[in-house]
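These are my notebook entries from one sitting with a single structure. I set down what I looked up, entry by entry.

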Amino acid sequence: MKLPKIKLKTENLKLKIIFVLFFTFCVLGFMFARQALAQDAKRAFTLSYPTLTHQLNPGDRTEGITRITNQSSTSLTFKLSIQDYVVLDTIGTPTILPPNTLSNKYSAAAWIGVTPETFTLNPGEKQTINYYVQVPANARPGGHYAAIIYTPVVDKDVSGSGSTVNSQIGSLFYLTVNGPIKEQ
């Protein structure tokens, strides 16, 4: 009569081993699937002209181009905006300001326009962006700074748990308005 008890323990042990193996494979499969999805979500892009410098007189106009290349393995949609920036340290690190926070007499963002403002790039594609600068006739002499901000549009159809990181990159404008400058 002891044999059936041993056989029952052996069958329970086999079921436990099968359950543990099945659970382990499910967990590993889920981890690899998540890693593959995370790798697909990588965004890589490059600006051809990260800095744009112009020396202009009050009332002058100029235009030019800049380019962005999608180096990702998936399509990326970009939305462009123009924002002012300031430099707060001694090594020239730009700090992008929220829209409409800098006084109009110092702002250069209002002077710049771009086209197109929204576009989609397939993997490996480049987009040329045309920019236009119109310096007001009453512009103060000296340096004025703004940036074209490229923001990838994040797909909001994320399901399950996880997170996204929104990145931005910018082409920095260094605009110098000619005229007498009083430095303090």
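Entry 1, a histidine and a tyrosine. I looked up the side chain of histidine 54 and found a polar contact with the side chain of tyrosine 131, at 2.8 Å. I note at once that the model is predicted, and I read the distance as a computed one. Histidine 54 belongs to strand S2, which covers residues 51-56.

Entry 2, surroundings of histidine 54. I set aside the neighbours within four places in sequence and listed the remaining contacts of histidine 54: Thr62, Tyr131, Phe173, Tyr174, Leu175 and Thr176. Tyr131, the partner in the polar contact, is thus also on the contact list. I then asked whether histidine 54 is buried or exposed. Its relative accessibility is 15%, and because the cut-off for buried is under 20%, histidine 54 counts as buried.

Entry 3, a second histidine. I turned to histidine 144, which I located in strand S9, residues 142-152. Which backbone oxygen does the side chain of histidine 144 reach? I found that of arginine 140, at a distance of 2.8 Å. The relative accessible area of histidine 144 is 3%, so I entered this residue as buried.

Entry 4, surroundings of histidine 144. With neighbours within four places in sequence again left out, I recorded contacts of histidine 144 with Lys105, Tyr106, Ala108, Trp111, Phe173, Tyr174, Leu175 and Val177. I compared the two lists: Phe173, Tyr174 and Leu175 appear for histidine 54 and also for histidine 144.

Entry 5, a pocket. I looked up the second largest pocket and noted a volume of about 160 Å³. Its lining comprises 13 residues, and those nearest the centre are Asp84, Asn100, Ser107, Ala109 and Ala110. Sorted by class, I counted 7 nonpolar, 5 polar and 1 charged residues in that lining.

Entry 6, the whole protein. I closed with the overall values. The secondary structure consists of 1 helix and 10 strands, and along the sequence I read the order as α-β-β-β-β-β-β-β-β-β-β. Of the 184 residues, 25% are buried, among them histidine 54 and histidine 144. I took the contacts with a separation of 6 or more and found that 74% of them join residues 24 or more positions apart. The exposed area is about 12,900 Å², of which carbon and sulfur atoms supply 58%.

Conventions. Residues are numbered from 1 along each chain as its sequence is written. This is a predicted model: local features need pLDDT of at least 70, side-chain atom pairs count only at pLDDT 80 or more; totals for chains, interfaces and linings use all residues. Side-chain values use heavy atoms; hydrogens and water are left out. Helices (H or I, at least four residues) and strands (E, at least two) are DSSP runs, numbered from the N terminus. Buried means under 20% relative accessible area, exposed over 50%, partly exposed in between (1.4 Å probe, protein chains only). Contact means heavy atoms within 4.5 Å. Accessible areas come from the Shrake-Rupley method with a 1.4 Å probe; for residues, only the protein chains shown count as cover. A polar contact is a pair of N or O atoms within 3.5 Å; within protein, one must be able to donate a hydrogen and the other to accept it, and residues adjacent in sequence count only if both atoms are side-chain atoms. On a 1 Å grid over the protein atoms alone, a cavity is a set of points where a 1.4 Å probe fits but cannot get out, and a pocket is an open set with protein on both sides within 12 Å along at least five of seven lines; lining residues have an atom within 4 Å of a point. Grid points are joined across faces, edges and corners, and a volume is the space filled by probe spheres set on the points. Ala, Val, Leu, Ile, Met, Phe, Trp, Tyr, Cys and Pro count as nonpolar, Asp, Glu, Lys and Arg as charged, and the others, Gly among them, as polar.
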